[in-house]
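Biologist: Please take a close look at the ligand site for me. Start with the backbone on the way there, and keep it informal.

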Amino acid sequence: MNWTLAARAEKMNPSVIREILKVTEKPGIISFAGGLPSPKTFPVAEFRAACEKVLTEDGPASLQYAASEGYGPLREMVAAGLPWKVSPSQVLITTGSQQGLDLIAKILIDQGSRILVETPTYLGALQAFTPMEPRAVAVASDDEGLRADDFQAKAGQGAERARFAYLLPNFQNPTGRTMSEARRAAVVAVAQETGVPLVEDNPYGDLWFDQPPPAPLTARNREGGVYLGSFSKVLAPGLRLGFMVAPPGLYPKLLQAKQAADLHSPSFNQRMVAQVMQDGFLGRHVPTIRALYKSQRDHMLAALEREMPEGVQWNKPVGGMFLWVRLPQGVDAVALLPRAVERNVAFVPGAAFYADTPETHTMRLSFVTASHSQIDTGIAALAQTIREAIAALDTQRQAAPVQL
Ligand SMILES: Cc1ncc(COP(=O)(O)O)c(C=O)c1O
């Protein structure tokens, strides 16, 4: 049978990077490549107890079809936990925040619609948006995220006005960077002046190390923003539960898209999460994740400091799971990966995260899942691979004929 694929399916090609990353599944490899939370943080005992309780007290309903908006008590808890006034009626429980991105793509993007993204940005968002065939425009970004001046310049007008700007203000995936208070204010001012809605994705916001990040963009831009949150990084990603907070004007369309996608997110999982969270559990649990991830970050920073050759730079994220490494210009991280894998260490080449021209001398390292001794061994192996690549580049440059 010759299947004729829709144009949007043709756009769903697996990324080259994902293919390359398959080699990182080799046994014994020390992987800084994954985007997984540390399984040490999963509250298994609490879920065991919650499972028993939900089935005993609410068994049939927890196994029945349910409302597309989500489980009422969970929507109330989500609304109450946000740092600005949100009505539970604005909360839509989603099947992971990844589904939120998919729903946004479906209701806001036409073929050729202009959308704005950070440089670099979350690969999974690009994958969710791409099938709707937008024109994704990369807005210049610096250590604080999206630059307000370039946002203004690229906002567009009339039919060309961007449908939305997609932003990750806290401990961004992939760079780990965080938007300052001043930058948030400037970005919201541009959004309000130009009329470009903001889609704010915040799965890592609770995972701060020393102090909480500034208030979300949506808290200052309630009518002009959609906010996405997730239970994946504070409880467990296998639950596949997240949420959106949408203004009343947009909510019904998101709900219709949600109904078409999966009717509703799992009733049983929603009740379990509500049960686990009921007595303020997150207030006790999340600080343990912060402490673990902070010690992991510190260990990786110390290893980088000790091992990396001159010319390699990295940032010091103040929360989340990732840090961002810049290699000397000309050292291509995609070409480096197979050589690193030969030494049993893996990372994600930064090129995966760009909507347009990638910076090929960058890489993302996750610091949360490897043990301290794996971090020591893995960073030493990575540094050795980089040292060799720099030496090879120097030899190449010396051998190249001088251009007059
Ligand atoms: C920035 C960002 N948004 C969304 C997601 C999706 O998370 P989930 O669907 O598990 O809530 C991730 C997952 O890693 C992420 O890094």
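**From the backbone to the ligand**

Modeller: Let's start at E133, which sits in the loop between α6 and β4 (135-138). Keep in mind that this is a predicted model. The phi angle of E133 comes out near 60°, so to speak on the positive side for a residue that isn't glycine. Go to the other end of α6 and you reach the loop between β3 (114-117) and α6 (123-129), where P120 is found. The peptide bond leading into P120 from T119 is cis, with omega near -10°. There's another cis bond to check, from N173 to P174, and here omega is near 20°. P174 belongs to the loop between β7 (165-167) and α8 (181-194).

A quick step back before the site itself. The protein chain has 13 helices and 15 strands in its secondary structure. Its radius of gyration is 22 Å, close to the 22 Å that the globule rule gives for 404 residues, so the chain is as compact as a globular protein of that length. If you want a feel for the box, the C-alpha trace spans about 70 × 60 × 55 Å along its principal axes.

Now for the part you asked about. The ligand takes up the space of the largest pocket. There are 13 residues around the ligand, and D201, Y204, S230, S232 and R240 are the ones that come nearest. By type, the shell splits into 4 nonpolar, 6 polar and 3 charged residues. Helix α5 (residues 96-108) supplies the largest share of that shell, with 3 residues.

For the polar contacts, take D201 to begin with: an N or O atom in the D201 side chain is 2.6 Å from a nitrogen atom of the ligand. Y204 has a polar side-chain atom 2.6 Å from an oxygen atom of the ligand. K233 also faces a ligand oxygen, with a polar side-chain atom at 3.1 Å. As for how much of the ligand gets covered, it exposes 390 Å² when taken alone, and the protein buries 92% of that.

To put the site together: the ligand fills the space of the largest pocket, with D201 meeting a ligand nitrogen, while Y204 and K233 each meet a ligand oxygen.

Technical notes
Residues are numbered from 1 along each chain as its sequence is written. This is a predicted model: local features need pLDDT of at least 70, side-chain atom pairs count only at pLDDT 80 or more; totals for chains, interfaces and linings use all residues. Side-chain values use heavy atoms; hydrogens and water are left out. A residue is near a molecule or strand if one of its heavy atoms lies within 4 Å of it. A polar contact is a pair of N or O atoms within 3.5 Å; within protein, one must be able to donate a hydrogen and the other to accept it, and residues adjacent in sequence count only if both atoms are side-chain atoms. Accessible areas come from the Shrake-Rupley method with a 1.4 Å probe; for residues, only the protein chains shown count as cover. On a 1 Å grid over the protein atoms alone, a cavity is a set of points where a 1.4 Å probe fits but cannot get out, and a pocket is an open set with protein on both sides within 12 Å along at least five of seven lines; lining residues have an atom within 4 Å of a point. A molecule sits in a cavity or pocket if more than half of its atoms lie within 2 Å of its grid points. Helices (H or I, at least four residues) and strands (E, at least two) are DSSP runs, numbered from the N terminus. Ala, Val, Leu, Ile, Met, Phe, Trp, Tyr, Cys and Pro count as nonpolar, Asp, Glu, Lys and Arg as charged, and the others, Gly among them, as polar. The radius of gyration is taken over C-alpha atoms; the globule rule is 2.2 Å times the number of residues to the power 0.38.
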